[in-house]
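Good morning, and thank you for joining this group meeting. Please take a look at the sequence and the structure before I begin.

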Amino acid sequence: MQRNREGKLNFRAVVYTRVSSKGQVEGTSLGSQKEGCVAYCEREGIEIDKIFVEEGESAKVIDRTELQNMLAYCKKNKGKISHIIVYRFDRFARNMQDHLWLRKEFAGLGITVKSVTDPTDDTVSGQLLENILASVYQFDNDLRRERCVNGMKKKIKAGIWPLQIPVGYMSFKKLGAKEKKQIADIPHPEFFDIVRKGFQLYLTGNYSIAELTRKLDKMSPALKLYPQKMQYILSNKFYCGILTDPWDGSEHSGLHGAMISKQEFAKVQEIMKGKGMGNFIPKRIINPDFPLKGTVRCGDCSHFYTASWSTSRNKEKHAYYHCTKPGQHIHKRGVKKAVLEDDFIQYLSAIIPKEQYLEDFWKTVIQISEKKFKEVNLEYLKYKKQYNELEDYRKNIIRKNAQGILPDEDFKKELPQIKQKIEMVELAMNDSKMDIFREEAVFSYSKHFVYNLPR
């Protein structure tokens, strides 16, 4: 502690003010705290060294930016700061544990914490009163938290989500600091369809979460997606109309419009767990130098072979397939690229079924294919018939309108409807036609593939 010219102790303090909401920042709470602290210092003859203002942070002590800055400042100026002035002890800490920890930290720096409105001193009774006040403030804080949680739990049971709005939705209106949500969230005009598209793409099984994130990010950079956030979206039951109470895990039906069905959500979860992959085609990076990498297994341990180039002492490069799994191997772990690939070609040639055994097989395949072809062809003909009938009807109403038999008012109502029906039938007809060509192509390719395995 420093002394002035008269030999008296020179008290220097830092002031700490805090509010826990943006509404208080915009109000008078911070100003009132500052005025009270400044007046207290003038009355007690304490010089103010610096003022720390915590705006709108209700976080724990360890996360409060200005409180940590103040602690660092006091450590840097140890011996120069004698007091910390707060308006009330609950501005300093809202629970007993944090209060005692902070008092211990600052006491180690030779600093006394003083409250403008809480009458305490350094006597035994004064410290007891301070601890009682800290306990009372913790009780008040816990009571408020309990009331807040109970209020949010009631909202969830009523079908309204009171916490952070999930991506793709928005609040019915912009709420003020003291307003409470009374209406369920509604679809966001820009992001709802994009997030729903993300679910649809993932359901195909052709996208990893990282790939899906990149695709949606290109569609709408404003979403600011990253893989962890995308994974949270895909696993959030809110999107299928279910609200999950974060405190007890109970589930309730939400009043908001679901983005996907419960069945689709369940399918998404299966895909995320690696089950029910549907038509998912796992990607394998093909190395042109080692086409059998990840395909051929080790004969001793059944572990997939990997491959690499090795350099000999005379700087020549040699290609090898090898097994990296530790353990006992009867044979050598590595095999030359040329040897393994030649053996593989010979193996393919050896397993080609003989033509005499394939005759019955191809007959069966042809029978099944022809049956399928007829089914698809019948479907195509059915749609073709509907299309022709609708076209005839369209031409007929145009002719009747031209002859004055069908009034213009009725004609204008009926023509768009018949055109829409024609378009729908035409789409179905074209899809059936594609199926016919697909059956022929698959059969032809399969036959060619079996007879030419080494190629």
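**Aromatic pairs, sheets and helices**

Let me start with one residue, Tyr239, which is buried because its relative accessible area is 1%. Please keep in mind throughout that we are looking at a predicted model. Which ring is paired with the ring of Tyr239? The partner is Phe199: the two ring centres lie 5.5 Å apart and the planes meet at 50°, so the pair is tilted. For those new to the topic, a pair of aromatic rings is described by the distance of the centres and the angle of the planes.

Where along the chain do these two residues sit? Phe199 belongs to helix α7, residues 192-203, whereas Tyr239 is found in the loop between α9 (227-234) and β7 (242-244). With their positions 40 residues apart, the pair links distant parts of the chain. Phe199 has a relative accessibility of 0%, and therefore counts as buried.

A second ring pair is formed by Phe290 and Tyr321. Its centres are 5.5 Å apart and its planes are at 85°, so this pair is edge-to-face. Phe290 lies in the loop between α10 (262-272) and β9 (306-311), and Tyr321 lies in strand β10, residues 317-322. These two residues are 31 residues apart, and again the pair links distant parts of the chain. Are Phe290 and Tyr321 buried or exposed? Both of them are buried.

The count of aromatic pairs comes to 8. Ring pairs also join Tyr169, Phe192, Phe199, Phe238 and Tyr239 into a cluster.

**The antiparallel sheet**

Tyr321 brings us to strand β10, which holds this residue. The order β9-β10-β11 describes an open sheet of 3 strands, with antiparallel pairing. At its edges are β9 and β11 (334-336), each of which pairs on one side only. On average, and with direction ignored, neighbouring strands of this sheet are turned by 40° against each other. As general background, strands of a sheet pair through backbone hydrogen bonds, either parallel or antiparallel.

How many bridges join β10 and β11? There are 3 bridges, in the antiparallel sense. Tyr320 has Lys336 in β11 as its bridge partner. Helix α11, residues 337-350, lies across β10 and β11 and runs at about 80° to β11.

**The parallel sheet**

We now turn to an open sheet of 4 strands, with the order β2-β1-β3-β4 and parallel pairing. Why is one side of β2 and of β4 left without a neighbour in the sheet? Both β2 (47-54) and β4 (112-115) stand at the edges and have a single partner strand each, so one side of each has no neighbour there. The average turn between neighbouring strands of this sheet is 25°, direction ignored.

Strand β3, residues 83-86, pairs with β4 in the parallel sense over 4 bridges. Opposite Val86 stands Ser115 in β4.

In strand β1 we find Thr17. Its relative accessibility is 1%, so Thr17 counts as buried. Beyond residues up to four places away in sequence, Thr17 touches Leu30, Gln33, Lys34, Phe52, Val53 and Glu54.

**Helix α3 and its partner**

Helix α3, residues 65-76, lies across β1 (12-18), β2 and β3, and runs at about 150° to β2. One residue of helix α3 is Glu66. At 23% relative accessibility, Glu66 counts as partly exposed, because that class begins where buried ends, and buried means under 20%. Apart from neighbours within four places in sequence, Glu66 is in contact with Tyr16, Phe52, Val53 and Glu54. The C-alpha atoms of Glu66 and Glu54 are separated by 5.6 Å, although the two residues are 12 residues apart along the chain.

How does α3 lie relative to helix α5, residues 96-107? Their axes come within 10 Å and cross at roughly 25°. The two helices are therefore roughly parallel to each other. On the α3 side the contact involves Leu67, Met70, Leu71, Cys74 and Lys75, and on the α5 side Trp101, Leu102, Glu105 and Phe106. By class, this contact has 7 nonpolar, no polar and 2 charged residues.

Thank you for your attention.

Conventions
Residues numbered from 1 in each chain as written. Predicted model: local features only at pLDDT ≥ 70, side-chain atom pairs only at ≥ 80, totals over all residues. Heavy atoms only, no water. Pairing = 2+ DSSP bridges. Axes fitted to C-alpha atoms, helices over the stretch in contact; angles between N-to-C directions. Contact = heavy atoms within 4.5 Å. Parallel < 35°, antiparallel > 145°, perpendicular 65-115°, else oblique. Nonpolar A, V, L, I, M, F, W, Y, C, P; charged D, E, K, R; others polar. Phe/Tyr/Trp six-rings, centres within 6.5 Å; stacked < 30°, edge-to-face > 60°. Buried < 20%, exposed > 50% of the residue type's maximum accessible area, 1.4 Å probe, protein only.
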